[in-house]
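Open the model in your viewer and keep the selection tool ready. The tour below goes stop by stop, with something to select at each one.

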Amino acid sequence: MASPKIILYTNHNCPWAHRAHIALKELGLVYEEVIIDLTKPREPWYLDVNPRGLVPSLSYNGTIITESAIVAQFLADAHPSHLVPPSGSVDGALQRAQIAFFVDTFLSKVQPHVHASLRASTAAEIDAAADALVAAVETELEPLLAAWKGPGPFFGGSDRLTLAEVLTGSFLLRILHYSDARIGLLSARLPALLERTPRFKRWAEATVQQESVNFIWDALKSANAIKAKLGITR
């Protein structure tokens, strides 16, 4: 079977586009990369690729696929692997549903507190966002993590990354690194607070150590891009 011709339109500072990089790396797929400058109005040629002007966009043998979760799911389905089981069995369908619920919980219950910290204007507000983030992890994610049956650090106790990590890894990098004193986007108290959530901490740290998750990551460049976009001066 001939290898597909893949073009990824992306920006390394975008956590949503980062998802596609993780999926492609995990699957060992060769692709051409086109960097889109998100600080400028999109050029007409890119709006022909994706009228919304967002990243990522994926050209797969000439067919354009957009939206990060859809791109990642398509790649996982088109190239069966350890990322996600086939949906043709009850067990496979159940694990897919569990992954979807886990990722939705992370994005809807935990990630908003990262956004709150980015919008904060005082140290007290930044600290409050960290407290709320860890409280959400304790309430919403730790019980899900406790239910994992396997010994591995990844979703469900897997010893390899799954689609859950593909869809959350870029956000975990930011949670674990944006509290660094050189960056200051999240509270410096956050690492200590995360000691209260050992299952989450183990999962997050194992995820961000994977080459497929961190190979395009530059914490300072990412943080500076966010600061420029939001006008953050701290």
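**Stop 1: the β3–β4 pair**

Select residues 57-60, strand β3, in this predicted model. Four bridges join β3 to β4, and the two strands run antiparallel. Now pick Tyr 60. Its opposite residue in β4 is Thr 63.

**Stop 2: the turn-off between the strands**

Click on Asn 61. This residue sits in the loop between β3 and β4. Check its phi: about 50 degrees, a positive value although Asn 61 is not a glycine.

**Stop 3: the whole sheet**

Widen the selection to four strands. They form an open sheet in the order β2-β1-β3-β4, with mixed pairing. Colour β2 (32-35) and β4 (63-66): these are the edge strands, and each pairs on one side only. From one strand to the next, the twist averages 20 degrees.

**Stop 4: the helix across the sheet**

Add residues 15-27, helix α1. α1 lies across β1 (6-10) and β2. Relative to β1, α1 runs at about 150 degrees.

**Stop 5: into β3 and out of β4**

Go to the loop between α2 (44-49) and β3, where Pro 56 is found. Select Val 55 together with Pro 56. A cis peptide bond joins them, with omega about 5 degrees.

Then move to the loop between β4 and α3 (68-78), and select Glu 67 there. Glu 67 is another residue other than glycine with a positive phi, near 75 degrees.

**Stop 6: the annotated span**

Select residues 4-83. An unreviewed UniProt entry annotates this span as "domain: GST N-terminal". Helix makes up 38% of the span and strand 21%. Put a distance between the end C-alpha atoms: they lie 19 Å apart.

**Stop 7: the largest pocket**

Show the surface and find the largest pocket. How much space lies in it? About 700 Å³.

Which residues lie nearest its centre? Select Asn 13, Cys 14, Pro 15, Ile 226 and Lys 229. The full lining of the largest pocket has 29 residues.

Next, colour four helices: α1, α4 (90-119), α6 (163-177) and α10 (219-230). Each supplies at least two residues of the lining. α10 gives the most, with five residues.

Finish by colouring the lining by class. The lining of the largest pocket has 15 nonpolar, nine polar and five charged residues.

Notes. Residues are numbered from 1 along each chain as its sequence is written. This is a predicted model: local features need pLDDT of at least 70, side-chain atom pairs count only at pLDDT 80 or more; totals for chains, interfaces and linings use all residues. Side-chain values use heavy atoms; hydrogens and water are left out. Two strands pair if DSSP finds at least two bridges between them. Axes are lines fitted to C-alpha atoms, for helices over the stretch in contact, and angles run from 0 to 180 degrees between N-to-C directions. Contact means heavy atoms within 4.5 Å. UniProt positions are given in the numbering used here, feature names are shortened, and annotations may be inferred rather than shown by experiment. On a 1 Å grid over the protein atoms alone, a cavity is a set of points where a 1.4 Å probe fits but cannot get out, and a pocket is an open set with protein on both sides within 12 Å along at least five of seven lines; lining residues have an atom within 4 Å of a point. Grid points are joined across faces, edges and corners, and a volume is the space filled by probe spheres set on the points. Ala, Val, Leu, Ile, Met, Phe, Trp, Tyr, Cys and Pro count as nonpolar, Asp, Glu, Lys and Arg as charged, and the others, Gly among them, as polar.
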